[in-house]
Amino acid sequence: MDEAVVRALAIGPGSSPAEHTIDITTVGRRSGIPRRIEVWFHRVDGHWYITGVPGPRGWQANLRADPRFTVHLKHGVTVDLPATARPVDEQTRRRVITAVLDLQNRPQISARGTPRQDPDKWLAGSPLVEIAFDDKELIAAASPRP
């Protein structure tokens with residue numbers, strides 16, 4: 001198991017914004033063409049998620065049409081990890097969005113001039129999917145130990 005990959009997936013509240021940054025490649029729902037975009041990912045309660053500011057996102061629509069995608073890690077490790085997007089229930093959505101907003105309001109991130117985010121707006125309209133990585137050995141290695 002590549003320790004650099006395990007470290008890159010071990011993100012948490014203390015991780016830098018760069019460590020939360022990945023690229024993903026989805027398949028265009030209408031075109032069938034691969035689409036690559038930079039997004040933030042988060043780990044909450046041992047699970048990985050992709051979210052974004054409120055509003056419709058092409059990547060989310062692409063994942064609804066075809067949940068298979070590729071996570072491209074960067075910033076210290078370059079690797080492509082096949083994954084599947086899983087929808088989340090309302091309780092999970094509330095927990096994850098709250099954790100993401102708590103992170104964004106931390107001094108080292110909010111100091112970049114980002115205005116404080118409205119939790120109600122985020123809960124109502126932010127895209128959110130869980131990342132289910134295909135490599136089970138990798139997931140076991142990167143999961144928090146009890």
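**View 1. Salt bridges in the predicted model.** This predicted model contains 6 salt bridges. We start with Lys 74, whose side chain pairs with that of Asp 23, with 2.8 Å between the closest N and O atoms. Lys 74 sits in the loop between β4 and β5 and Asp 23 belongs to strand β1, so this salt bridge ties together parts that are 51 residues apart in sequence. The two partners have their own surroundings: Lys 74 is partly exposed, at 22% relative accessibility, while Asp 23 is buried, at 12%.

**View 2. Lys 74 and Glu 38.** Lys 74 also meets Glu 38 in a salt bridge, at 2.7 Å from N to O. Glu 38 is part of strand β2 and Lys 74 of the loop between β4 and β5, so the pair ties together parts that are 36 residues apart in sequence. Glu 38 is exposed, with a relative accessible area of 52%; the cut-off for that class is over 50%.

**View 3. Arg 95 and Asp 45.** Here the salt bridge is between Arg 95 and Asp 45, and the closest N and O atoms are 2.6 Å apart. Since Arg 95 lies in helix α3 (residues 90-104) and Asp 45 in the loop between β2 and β3, the pair ties together parts that are 50 residues apart in sequence. Arg 95 is partly exposed, its relative accessible area being 33%. Asp 45, at 56%, counts as exposed. Elsewhere, salt bridges with shared partners link Asp 23, Arg 36, Glu 38 and Lys 74 into one network.

**View 4. The backbone at Asp 45.** Let's stay with Asp 45 in the loop between β2 and β3, this time for its backbone. Its phi is near 55°, a positive value in a residue other than glycine. For context, most residues other than glycine have a negative phi.

**View 5. The barrel and helix α2.** A set of 6 strands closes into a barrel, with antiparallel pairing, in the order β1-β2-β3-β6-β5-β4. On average, and ignoring direction, neighbouring strands of this sheet are turned by 45° against each other. Follow β1 and β2 and you will find 7 bridges joining this antiparallel pair; Val 27 stands opposite Pro 34 in β2. Helix α2 packs on the sheet and touches β1, β2, β3, β4, β5 and β6, its direction making about 50° with that of β1. Which residues of helix α2 (residues 58-65) are buried? They are Trp 59, Gln 60, Ala 61, Asn 62 and Leu 63. These buried residues pack against β1 (21-27), β2 (34-44), β3 (47-51), β4 (68-73), β5 (79-86) and β6 (128-133).

**View 6. Two nonpolar cores.** The largest nonpolar core has 26 residues, of which Leu 9, Phe 69, Val 71, Leu 73, Ile 131 and Phe 133 touch the most other members. Helix α1 (residues 3-9) supplies the largest share of this core, 4 residues. Another core of 9 residues lies apart from it, and Val 44, Tyr 49, Ile 97 and Val 100 are among its members.

**View 7. Around Leu 73.** Back in the largest core, this close-up is centred on Leu 73. Setting aside neighbours within four places in sequence, Leu 73 is in contact with Val 5, Ala 8, Leu 9, Ile 22, Phe 41, Thr 78, Val 79 and Leu 81.

Definitions and conventions
Residues numbered from 1 in each chain as written. Predicted model: local features only at pLDDT ≥ 70, side-chain atom pairs only at ≥ 80, totals over all residues. Heavy atoms only, no water. Core = buried A, V, L, I, M, F, W, Y, C linked by side-chain atoms within 4.5 Å. Buried < 20%, exposed > 50% of the residue type's maximum accessible area, 1.4 Å probe, protein only. Helix = DSSP H or I, 4+ residues; strand = E, 2+ residues; numbered from the N terminus. Contact = heavy atoms within 4.5 Å. Salt bridge = Lys/Arg side-chain N within 4 Å of Asp/Glu carboxyl O. Pairing = 2+ DSSP bridges. Axes fitted to C-alpha atoms, helices over the stretch in contact; angles between N-to-C directions.
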